[in-house]
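Colleague: Please pick one residue in this predicted model and look at its surroundings closely. Then work outward from there and tell me how the rest of the interior is put together.

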Amino acid sequence: MNDATPRQLEFGGLLIEFDDRVIVPREWTVAQSSWAEELLQQSPPGAVLELCAGVGHIGLAAVAGTARDLVLVDLDPTACGYARRNARRARPDRDTDVRQGRVDEVLAADERFVGVIADPPWVPSDDVGRFPDDPRTAIDGGVDGMDIAWSCVDVAARHLGAPGWLLIQLGTTAQAEAVRSRLLDAPGQALQVVEVREHGERGVLVLVARGGGA
């Protein structure tokens, strides 16, 4: 049985709380927060959305020191509980909107964001046994690892403003190329991959932008 005893770690200058029932925040994923922070410095005013947010650490670190509204979305109620606690600690003077549910079901049709951060499960179902310490629901991305990732891309297409960007974490360059190919085949979405950064065995970060720029 996973231990429900709260633990803490430092992430991007923030104190983040979690327990063994959720996926442990990976130290290296601060690279996603840092890149999103850079993008926000060049973005127009507006709110930020994080999909598959877990305990909220990546999104919270990205908007730290800003006055931007932040919406955190995750399917796991335990993760959402920790995300609320972490948000209260990281942003005591601002309300952070934490929503529990499927990424494609919790947003109103008219909501728009200048940036979307996503850290979806990307491990193919047959490979989840390689990660016995991680909750299956937090890492299982379906047959090819892309089931939830595609939902994140579709949500971004519907809810990004113009200009706007999606910064999504995936597992392999092949998955990143699958996103590139799909967007090239859907020009009506006006989204395209503009940069991919590899992190070795730790995965890849893919920047998707509306109109070709963030």
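Modeller: Start with Arg-210 and its contacts. Beyond its neighbours within four places in sequence, Arg-210 touches Ala-156, Ala-157, Leu-160, Gly-161, Ala-162 and Gly-164. The list of contacts also holds Gln-189, Ala-190 and Leu-191. Arg-210 belongs to strand S9. Is this arginine buried or exposed? Arg-210 counts as buried because its relative accessible area is 15%, and the cut-off for buried is under 20%. Take Ala-67 as a reference point elsewhere in the chain. Its C-alpha is 23 Å from that of Arg-210, and 143 residues separate the two in sequence.

One of those contacts leads to a backbone feature. Ala-162 touches Arg-210, and the peptide bond from Ala-162 to Pro-163 is cis. Its omega is near 0°. Pro-163 sits in strand S7.

Now the nonpolar interior. The largest nonpolar core has 32 residues. Which of them touch the most other members? They are Leu-49, Leu-51, Leu-166 and Ile-168. Several strands each give two or more residues to this core: S3 (48–51), S4 (70–74), S6 (113–118), S7 (160–170), S8 (191–198) and S9 (204–210). Helices H5 (147–159) and H6 (173–184) do so too. H5 gives the most, with 7 residues. A second, separate core holds 31 residues, among them Leu-60, Trp-165, Leu-205 and Leu-207. As background, nonpolar side chains tend to be buried together in soluble globular proteins.

Look at Leu-51 in detail. Sequence neighbours up to four places away are left out. Leu-51 then touches Val-73, Val-103, Val-116, Ile-117, Ala-118 and Asp-119. Cys-152 and Val-155 complete the set.

Next along the chain is Cys-52, in the loop between S3 and H2. Its phi is near 55°, which is positive in a residue other than glycine. Cys-52 is also buried, because its relative accessibility is 14%. The C-alpha of Cys-52 lies 5.3 Å from that of Pro-120, although the two are 68 residues apart along the chain.

Pro-120 deserves its own look. Pro-120 lies in the loop between S6 and H4. What is its relative accessibility? The value is 2%, so Pro-120 counts as buried. Sequence neighbours up to four places away aside, Pro-120 touches Cys-52, Ile-148, Ala-149 and Cys-152. Ile-168, Gln-169 and Leu-170 are its other contacts. Cys-152 thus turns up twice, as a contact of Leu-51 and as a contact of Pro-120.

Pro-120 also brings us to the largest pocket. Its volume is about 1,000 Å³. The lining has 47 residues, and those closest to the centre are Asp-119, Pro-120, Pro-121, Ala-138 and Ile-139. Helices H2 (57–63), H4 (136–139) and H5 each supply at least two lining residues. Where does the largest share of the lining come from? It comes from H4, with 3 residues. H5 appears in both settings: it lines the pocket and gives 7 residues to the largest core.

Then there is Val-22, in the loop between strand S2 (14–18) and helix H1 (30–41). Val-22 is buried because its relative accessibility is 4%. Apart from neighbours within four places in sequence, Val-22 is in contact with Val-55, Asp-76, Thr-78, Ala-79 and Pro-135. Val-22 and Asp-76 are 54 residues apart in sequence, with 8.2 Å between their C-alpha atoms.

Finally, the rings. The structure holds 0 aromatic pairs. A charge over a ring does occur. Arg-197 lies over the face of Trp-35, at 3.6 Å from the ring centre.

Definitions and conventions:
Residues numbered from 1 in each chain as written. Predicted model: local features only at pLDDT ≥ 70, side-chain atom pairs only at ≥ 80, totals over all residues. Heavy atoms only, no water. Phe/Tyr/Trp six-rings, centres within 6.5 Å; stacked < 30°, edge-to-face > 60°. Lys NZ or Arg CZ within 6 Å of the ring centre and 35° of its normal. Core = buried A, V, L, I, M, F, W, Y, C linked by side-chain atoms within 4.5 Å. Buried < 20%, exposed > 50% of the residue type's maximum accessible area, 1.4 Å probe, protein only. Helix = DSSP H or I, 4+ residues; strand = E, 2+ residues; numbered from the N terminus. Contact = heavy atoms within 4.5 Å. 1 Å grid on protein atoms, 1.4 Å probe; cavity = no way out; pocket = protein on both sides within 12 Å on 5 of 7 lines; lining within 4 Å. Points joined across faces, edges and corners; volume = space filled by probe spheres on them.
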